[in-house]
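Good morning, colleagues. Please take a moment to look at the sequence and the structure on the screen, and then I shall go through the points I consider worth discussing.

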Amino acid sequence: MAKVVIIGAGGVGQVVAHKCAQVPEVFQEITLASRTVSKCEAIAEDVRRRQGRSLKTATVDADQVPQLVSLLEKEKPDLVINVALPYQDLTIMEACLKTGVHYLDTANYEPRDTARFEYSWQWEYRQRFQEAGLMALLGSGFDPGVTNVFTAWIARHALDELQTLDIVDVNGGDHGKAFATNFNPEINIREVTAPCRHWEEGAFRETPAMSSSTRFACPEGVGMYQIYRMYHEELESLALNFPTLKKAQFWMSFSENYLTHLRVLQNVGMTRIDPVKYQGQEIVPLQFLKAVLPEPSSLGEDTRGKTCIGVIAQGIRQGNPHSVYLYNICDHQEAFLEVGSQAISYTTGVPAMIGAKMMLQGHWMKPGVWNMEDFNPDPFMDDLNRYGLPWTLQDPAQVTIPQADPAPE
Ligand code: NDP
């Protein structure tokens with residue numbers, strides 16, 4: 001039995017708090033800390049009402065290592081679950097090293113002033129975590145996270161040689177707003193507007209953002225969606241950890257309405273991440289935009305529809321070409337009824353809880369800084385079925401494998 005501190009009380013933090021509270025045999029004590037303590041208190045109240053458990057709450061500015069250190073020294077947790085923003089990854093890792101606490105997150109570190117998505121900064125901590133006898137688990141959400149575990153499971157159980165990967169993330173949900181993002185708007189828009197990179201024949205190839213797209217028919221009646229090729233951080237570690245991969249691509253669905261709004265916001269400069277002077281003050285347009293958009297955690301009640309996220313893998317089995325598709329479908333309203341959040345937060349928060357459980361139960365515990373595919377996928381896959389994200393294997397794959405065509409005008 002263990003004690004955890006969850007940092008971040010947004011859409012994902014809410015789900016992690018509920019899911020940890022549902023597993024008291026592992027998560028005996030839970031503290032929820034964030035910059036705005038009233039958000040922690042609201043979540044704690046909801047957890048008390050739905051799960052009948054009490055959480056402690058605390059204020060912390062996770063950009064400040066000394067504040068984090070005093071929180072961790074006071075709470076003495078076994079593990080920090082970081083579901084604040086990617087900007088805080090390194091400060092929280094530093095504080096964990098100073099206080100002897102294990103670490104987990106769901107998104108790679110990003111510097112505020114450049115939209116660069118890579119693990120280099122966090123992988124630099126490998127030796128320090130190893131020497132301290134501590135573990136850091138990176139990217140324990142859905143994508144990255146479950147998609148890495150799906151890939152490891154396919155490499156272990158379904159194919160003798162893994163040759164191509166297509167990770168397809170479809171959100172078939174409708175929140176009824178003119179424009180909103182399903183997770184932190186600032187992080188979402190930085191990701192979507194960045195140049196696309198995919199892995200091909202031993203190197204990352206760069207193409208303009210959203211310049212390739214195709215139609216994808218989801219299984220089980222979820223529907224047909226336009227998906228766009230983009231860069232996503234799990235491609236970096238997967239390309240490295242599965243050297244037989246000839247090609248690896250990531251695809252995400254976007255509605256025409258979302259893309260039209262985004263294009264206009266980009267054209268008028270609202271997605272800029274460099275500061276501009278406004279009435280004698282410096283503001284970052286994208287941060288201002290975030291302040292006027294709906295909070296992702298507020299979208300749950302009205303969002304209808306399903307997500308369908310999975311991995312299509314091609315390779316060799318018993319000497320012959322073979323393909324499989326491993327996916328999860330999650331219903332926005334079912335997630336809302338269970339924990340008060342839409343499915344994007346749910347599909348991120350559940351794997352964060354399971355990753356923490358893997359570490360605390362010792363299934364996945366070794367000093368150093370690791371990605372999800374570095375571990376045996378089997379106990380994690382069992383827990384996905386058990387804690388709300390059941391998966392399905394199509395063997396052989398019965399979906400059309402996405403081909404990179406130019407995006408429609
Ligand atoms: P939200 O914006 O809803 O929540 C972020 C929370 O972090 C807020 O409570 C915010 O506090 C808090 N926070 C921000 N800065 C600080 C700080 N300096 N100190 C303490 N707390 C801080 O985001 P989401 O919940 O949607 O996303 C959380 C994380 O999950 C992000 O890193 C995101 O990239 C990741 N994610 C990962 C996915 C995956 O599949 N791997 C998918 C979706 C998200 P305040 O309320 O005061 O602003």
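**Two domains and what lies between them**

In this model, which is predicted, the centres of domain 1 and domain 2, taken over C-alpha atoms, are separated by 23 Å. The domain assignment places residues 2-142 and 344-386 in domain 1, and residues 146-334 and 390-406 in domain 2.

Let me turn to the contact between them. Domain 1 contributes 26 residues to this contact and domain 2 contributes 31 residues. On the side of domain 1 that touches domain 2, at least two residues come from each of α1 (11-21), α13 (343-360) and α14 (377-386). By class, the residues on that side of domain 1 are 14 nonpolar, nine polar and three charged.

Two of these helices also pack against each other. How are α13 and α14 oriented to each other? Their axes are 10 Å apart and make an angle of about 135°; the two helices are therefore oblique to each other. The crossing in which α13 passes α14 is right-handed. From α13, the residues I354, K357 and M358 meet P379, F380, D383 and L384 of α14. This contact has five nonpolar residues, two charged residues and no polar ones.

I come now to the ligand. Which residues come nearest to it? There are 35 residues around the ligand, and of these G10, V12, A62, G141 and F183 come nearest. The elements giving two or more residues to this shell are α1 and α13. The shell divides into 15 nonpolar, 15 polar and five charged residues. Why do we say that the ligand lies between the domains? Domain 1 and domain 2 both give residues to the shell, so the ligand lies between them.

Finally, a few remarks on the backbone. As a reminder, most peptide bonds are trans, and most residues other than glycine have a negative phi. Against that background, the peptide bond from D143 to P144 is cis, with omega near 5°. P144 sits in the loop between β6 (135-138) and α7 (146-157). A cis peptide bond also runs from D395 to P396, with omega near 5°, and P396 belongs to the loop between β18 (391-394) and β19 (405-406). As for phi, E201 has a positive value, near 50°, although this residue is not a glycine. E201 is located in the loop between β8 (196-200) and β9 (203-207).

Thank you for your attention; I welcome your questions.

How values were computed. Residues are numbered from 1 along each chain as its sequence is written. This is a predicted model: local features need pLDDT of at least 70, side-chain atom pairs count only at pLDDT 80 or more; totals for chains, interfaces and linings use all residues. Domain bounds come from an automatic or database domain assignment. Two residues are in contact if their C-beta atoms, placed from the backbone, lie within 7 Å. Helices (H or I, at least four residues) and strands (E, at least two) are DSSP runs, numbered from the N terminus. Ala, Val, Leu, Ile, Met, Phe, Trp, Tyr, Cys and Pro count as nonpolar, Asp, Glu, Lys and Arg as charged, and the others, Gly among them, as polar. Axes are lines fitted to C-alpha atoms, for helices over the stretch in contact, and angles run from 0 to 180 degrees between N-to-C directions. Angles under 35 degrees count as roughly parallel, over 145 as roughly antiparallel, 65 to 115 as roughly perpendicular and the rest as oblique. A crossing is left-handed if the near helix is turned anticlockwise from the far one by less than a right angle, and right-handed if clockwise. A residue is near a molecule or strand if its C-beta atom, placed from the backbone, lies within 6 Å of it.
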